[in-house]
Structure formats: C-alpha cells, structure tokens
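Let's take a friendly walk through a protein structure, one step at a time. Keep the picture open beside the text and look up each residue as we reach it.

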Amino acid sequence: MISAEAEALLAFQNNQRQHVQGILEGLSEADLRRPVLPSGWSCLGLVRHLALDVERHWFRAVVAGEPAVIDVLDRAGDSWKVGSEESAEAVLDDYRRQIEAADAVIAATPMDAAPAWWPDRFGEWRLRTVREIFLHVITETACHAGHLDAARELLDGRRWLVLS
C-alpha cells in the first residue's frame, strides 16, 4: 500500500507528467521532431530524455536497483536524439510505460529508504532517500514541462495554462 506522503508526491508528479503530455497534443510528427532552440533538442527528444534519463534512471535504476536497467545505462546513447526510424507514437508510448514502471517502484518503496544503487558519475553529490529522489524528479519534470511550453509556443503559438 502506498503511503500518504508518496501519494501526495505522486499527485504532484502526475500533474507534471500530464502537463508534458498535454502540451504536445495536436503537434504533428514533423513539429515534434523540429528543433526550435539553438541547442537543437526537439520536443520528442525531451520526452525521450524524461522517459529514460528521468523516470527509468531515477526510479528503476537508482531507487529499485534493477540490474537490467543499470546495465543498459552504461551502453545508452544520447537519449535526446530520436532517430527517424522511431515513430513519435513509440517515444510517447515508452514515456507512458516508464511512468507505469516508476509508479510500481514508488508504490513498493518507503520514502525514507536509501537508494538501492547510485551512479559514480555524480561524484560527491548524493540524494540520500527516495523522498529526496522523488522531489528531484518532480523538479526536473516541472522544469522540462516549462521547456516544452516555450517550444510549443514557438512552434504554433499554443500555450498550456494562461492566467490573466
């Protein structure tokens, strides 16, 4: 059974996940792939990053310590790049699958538990509990939802939430 704290944090994370998916609704395949900022990332690349480097990495690798996921991290390429052979729908479906897998980890893990695995590449920086990891993921997802807001407005003028 999921704790009240995990349920509350999950509600905030789900709001951000819905924002990510909602701001992209109605974009064509071409627009999902079109880079609009000088750095060259596309909306589709950002969603791939959220699926693999955020949901999968933080929950399945760091929190749960899934060996198969950790092994893939060592061989993974640049998640921000989506090849032409992969459809937008496949990338969006993978994001939804990674969310489901992350939610299963969240439901099964106490918020005060230590991470099961920690990557060496972070040096001395460390998140010490699932709670801290969850808060980090909420922050990162919200930040990227804002990036998608800006990209969408540059693509076709649509804005997610306008308070006047």
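Let's start with a single residue. L44 sits in helix α3. Before going on, remember that you are looking at a predicted model. Is L44 buried or exposed? Its relative accessible area is 1%, and residues under 20% count as buried, so L44 is buried.

What surrounds this residue? If we set aside neighbours within four places in sequence, L44 is in contact with L32, R33, V82, A88 and V91. For a sense of scale, try finding F12 as well: L44 and F12 lie 32 residues apart in sequence, and their C-alpha atoms are 23 Å apart in space.

Two of the partners of L44, A88 and V91, lead us to the next helix. Both belong to the α5 side of a contact between α3 and α5. In general, a pair of packed helices is described by the angle between their axes and the distance between the axes. Here, helix α3 covers residues 43–63 and helix α5 covers residues 88–108; their axes come within 9 Å and cross at roughly 25°. Angles under 35 degrees count as roughly parallel, so α3 and α5 are roughly parallel to each other. Their crossing is left-handed. On the α3 side, the residues making the contact include L44, V47, L50, A51 and F59, while on the α5 side they include A88, V91, L92, Y95 and I99. Sorted by class, this contact has 16 nonpolar, 1 polar and 5 charged residues.

Now look for a second pair of helices. Helix α1 (residues 4–24) and helix α6 (residues 130–156) have axes that come within 9 Å and cross at roughly 20°. That angle makes α1 and α6 roughly parallel to each other too. The crossing of α1 and α6 is left-handed. Among the α1 residues that take part are L9, F12, V20, I23 and L24, and they meet a set of α6 residues that includes F134, I138, A145, L148 and R152. By class, the contact of α1 with α6 has 14 nonpolar, 4 polar and 5 charged residues.

R152 deserves a closer look. This residue is in helix α6, and with a relative accessible area of 4% R152 is buried. Not counting residues up to four places away in sequence, R152 touches I23, L24, E25, G26, L27, G157 and R158.

Helix α6 also holds L155. Its relative accessible area is 19%, which is under 20%, so L155 counts as buried. Beyond its neighbours within four places in sequence, L155 is in contact with L27, D31, R34, V36 and C43. Counting in the same way, C43 is in contact with L24, L27, L32, L148, A151 and L155.

Finally, let's step back to the core. In soluble globular proteins, nonpolar side chains tend to be buried together. In this model the largest nonpolar core has 43 residues, and those with the most contacts inside it are L24, C43, W58, F59, F134 and L148. Which elements give two or more residues to this core? They are α1, α3, α5 and α6. The largest share, 12 residues, comes from α3, the helix where we met L44.

Notes:
Residues are numbered from 1 along each chain as its sequence is written. This is a predicted model: local features need pLDDT of at least 70, side-chain atom pairs count only at pLDDT 80 or more; totals for chains, interfaces and linings use all residues. Side-chain values use heavy atoms; hydrogens and water are left out. Axes are lines fitted to C-alpha atoms, for helices over the stretch in contact, and angles run from 0 to 180 degrees between N-to-C directions. Helices (H or I, at least four residues) and strands (E, at least two) are DSSP runs, numbered from the N terminus. Angles under 35 degrees count as roughly parallel, over 145 as roughly antiparallel, 65 to 115 as roughly perpendicular and the rest as oblique. A crossing is left-handed if the near helix is turned anticlockwise from the far one by less than a right angle, and right-handed if clockwise. Contact means heavy atoms within 4.5 Å. Ala, Val, Leu, Ile, Met, Phe, Trp, Tyr, Cys and Pro count as nonpolar, Asp, Glu, Lys and Arg as charged, and the others, Gly among them, as polar. A nonpolar core is a set of buried Ala, Val, Leu, Ile, Met, Phe, Trp, Tyr and Cys residues joined through side-chain atoms within 4.5 Å. Buried means under 20% relative accessible area, exposed over 50%, partly exposed in between (1.4 Å probe, protein chains only).
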